[in-house]
Amino acid sequence: MEELAQSLWEARMPADPANQIAVCVSKIRGRFQRTGTVGDLILTQPPGYLLSTDEAELDTQRVQALKAEADAYANAGESAEAVSCLERALAQWRGPLLAGITRQAWRAEARVWEETQVALQVKKAELQLALGQYEPVIAELSAFLPEHPFFERPRAQLMTALYRSGRQADALRLYRDTCRLLDEALAIAPGAELQRLHQEILKGALPPGPEAVRTELSAAPPPSPQPAPESAAPPPAAPAGPCLLPSDIGEFVGREREMSDLVEFLRPAGRNVPLVELVGAGGTGKTTLAIHVGHQQRVKFPDGQLYIDLRGLDRNPVRPEEALARFLREMGVPASDIPDGLDQRAEKFRALLTDKRVLIILDNASETTGIRPLLPGTDTCAVIVTSRSRVASAFSTRVVELGGLSTEQALELLHRGAGRERSAAEQDAARRLVAYCGNLPLAVGILGARLAAKPHWTMARVAARLADERRRLDELEHDNLAVRTTLELSYDGISPGAQLLLRRLSVLAVPDFADWLARHLVDLGGPAAENAENLVEELVDARLVEVRGRDVAGQLRYRLHDLVRLFGLERADGAESPSQRRTAVRRTALAALTGADAAHRAVCGGDYTAVRSGAASRARAGHSPPHEDADPLHWYEAERTTLTTLVRQAAGYGLDDIAWDLAAVCRCLFSTRGHHDEWLATHQDALAAVRAVGSRKGEAALLLGLGDLYIDKREYTRAAGLLERACATFTAAGEDYGAVLALRRAACVDRIQGRYERALERWRDCLPVLAAHGDLQARVQVLRWLGLTLLELRDLEGAESYLRQAEEAARGLLGRAAGQVRLALADLLRARHRPAEAEAEYIAGRERAQALGDVSGIGYAHFGLGVIALESGRHAEGRRLLGVCRESARSVGDPLLEALGMVGLSAALGHDGRTQEAERLLTGAAAIYHGLGTPVRYARCLYAHAELLDRRGDAGAEAAALRARAAAALAGTGSALASDVLGPASGPYGPPVL
């Protein structure tokens, strides 16, 4: 009875389940009696009930019996009888089993019968396909699949039935729908069977089945059997019309989806002429794909396959009159009967093609006027147009875009050219080769051909030659093929302004860009934004620039293919002087500086904590921010790589003041988001530039930024050396403000390394200078650090004094420091055992950190909230929050915060009796602290480990050893205050502050 009740009501058990079950059983018995059921099927048998089926016929038993009967017929070769049995078995289902019932106890059984239903349907369809009963299979599986969408075998059978019924396009469409369904619902690709079947249908290689059996609508008896013919029916006649297609390649690599789309789009649509435009950059394989599909579809277009290279980008393209004359001659029109005028030739061509099945491929088209006269008039024909821009979109029914190959497809193309055994022996070199080619099919194909012609060359040797960007395009030539020639055709076809923009983008060498960059790279007259957008779109239309999509700031982003960039650099070398390039870089970097300056002010609450060259002031006077309509922090996130590149370019062109200012203004942004690589690159590049011109102030400012970087990276010894040098260099240059900024950060290193007296003294010395220079953020930071340090030393009164001053100073400050003050106040309130107030402050600090994308701040807030949850007895929530803290730390590479989260988690686990797990965490945290050179935190971790061992009661010697190591670590700091850190803890869950 208990089991039955559990299966019925699960977590929503009624007050008296036994009584409720008795009521239900009574109702069921009444229903059986009303339907005339023989005997009592439900027997009372303590402690429950027994269902007796001896005198009943169950549909499940009926299914099993019919399945066994069908298997017997199938084994005897009597497929039609087996199909009949399976049809009756499947008729036992009248919808999903136990529909609307979600009880866990019955799900497994329902699943078993769903699998049985699918197996029966698959077996039935298999037999029907063997009998040539394609139409019933299509009808039944089309209704069956929506109810069982993720079973692939029925889909394969439906594709087979569609193909053998002459519905190839529908079979391919089903495959595409399946790909989309599996990707969106399960993030997987179809299985091997479906993929193989798709390839066979694409290539027309699926073995033919028996001749289709027509399904009659009437109930008349079948006709009498006819004697079999003496010989099999002849195969379909080969295409009889002219074939002008160039030769096809042996084995095609990739482009399965594009081929499938082309095959489907070439089907007659019932109204318009099927016209597909195949668009892509030079070298993406448009012509090869069009010709390959043309050969595949010859049987579908038996009256002819016409091909012409219109040479649209050449200086002397093929005129439509000439193209029509060629086509007319190939279609059998004598030269004397070909009219002279374009319109007359077009009319004759259309008349000749009426109701004929002819495929026309117009290769390398460049303008609409050259295409329109070559189009047929009836939908029995079809047209493929290849072009580098959408020139046929006014009358094309579909557009298929081609990009580069995937890496695996590019490697396969290289293998087929160079030899598979050769490629297998040098896999790393092969991957470098396709990477140098940017997966461009033309470039990869050229390399394959060169390697085939030079069997004594290794792939590593060729990769070494291509590694030199200055000679890469020279290497990508073979016979009459050259990547450079292909790019020249596109370049020569665009306006001088677009050519200039391409050259400047190539010189700048940003991975991607937004169109604001174009306004400044090219000195545009008139409405600059509109003109810049037009030039970018001209490059997009010529397929010299690719559209990447929208970034987090809402801007469209574009990119140059690497080989296009190298081509642009070649053109820039011959067309522009270094001074012209320098001027363009200067304009662009100043524009970027205005945007970075706005983002810096958003994070810092104003122009604080950075020593500047003054370039930003000049930039603001001459430029508006590029992101006037966007959030400045989103703009920074989108343009981070561009900013890094512009610092490098400005430094390279001797624009030291701009390089220094742009690097300095980005420092706070890099720190907030944990972008250490960009931070290091910008400061190293700018430092080299200011040293080259002997700018001591600039050198000190960048040493300060590098010192800050290594504090963020928790490399404290390295940071200390840089900050001390920055302070000395500022002092020598008479820059007391810069010297104090460096000193305040050097004091942070003193604190973290246990030199508390020195840190407190230095911070107190900084306060009056910062107040005199009006740096509100730096002043708030120093007050906060003073308060946190005294809190760590358990001087709660002194800590509160400084933290309340920081709170007052931060009123109205919207930057990062304001949120950090909230977190520091939360630490103080937690130490004073006021958890509700502390929790509110942690939440406020977390919200501010989230608004700025400050991942470390978010992680620290989660640490504080997790400790409060643990101290309040909410252990599961506390462990979750501390886990989030640890993951946040890992995401930005902050080992100090990660170790703090581990200490908190260890205390929680120790409290829960999971001593071994707690010890592992403490050991790991101690190793991190020791590696970072933070002796006080290391000692605190050892003491916590010793206390954990004390609670075990069997490791006294080990605990004593840990305390001895901790004492030695504290003694090594030389600070008398360091021992205060290890006083009575404010709670069982670790230190109160970071």
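C604 is buried, its relative accessible area being 0%. The model is predicted. C179 is also counted as buried, because its relative accessibility is 14% and the cut-off for burial is under 20%. Disulfides number zero in the structure.

Nonpolar residues gather in cores. The largest of these cores comprises 206 residues. Within this core, the residues with the most contacts are L414, L433, V483, L501, L539 and L662. Another core lies apart from the largest one. This other core has 48 residues. Among them are F144, L158, L174 and V263.

The strands were examined next. Strands of a sheet pair through backbone hydrogen bonds, and the pairing can be parallel or antiparallel. In this model, five strands make up an open sheet, and their pairing is parallel. Their order across the sheet is β4-β5-β6-β3-β7. Strand β4, residues 305-309, forms one edge. Strand β7, residues 398-402, forms the other. Each of these edge strands pairs on one side only. On average, neighbouring strands of the sheet are turned by 15 degrees against each other, with direction ignored.

One pairing within this sheet can be followed in detail. Strand β5 covers residues 359-365, and strand β6 covers residues 382-387. The two run parallel and are joined by five bridges. One residue pair can be named here: L359 has A382 as its bridge partner in β6.

Technical notes
Residues numbered from 1 in each chain as written. Predicted model: local features only at pLDDT ≥ 70, side-chain atom pairs only at ≥ 80, totals over all residues. Heavy atoms only, no water. Pairing = 2+ DSSP bridges. Helix = DSSP H or I, 4+ residues; strand = E, 2+ residues; numbered from the N terminus. Axes fitted to C-alpha atoms, helices over the stretch in contact; angles between N-to-C directions. Core = buried A, V, L, I, M, F, W, Y, C linked by side-chain atoms within 4.5 Å. Buried < 20%, exposed > 50% of the residue type's maximum accessible area, 1.4 Å probe, protein only. Disulfide = S-S within 2.5 Å.
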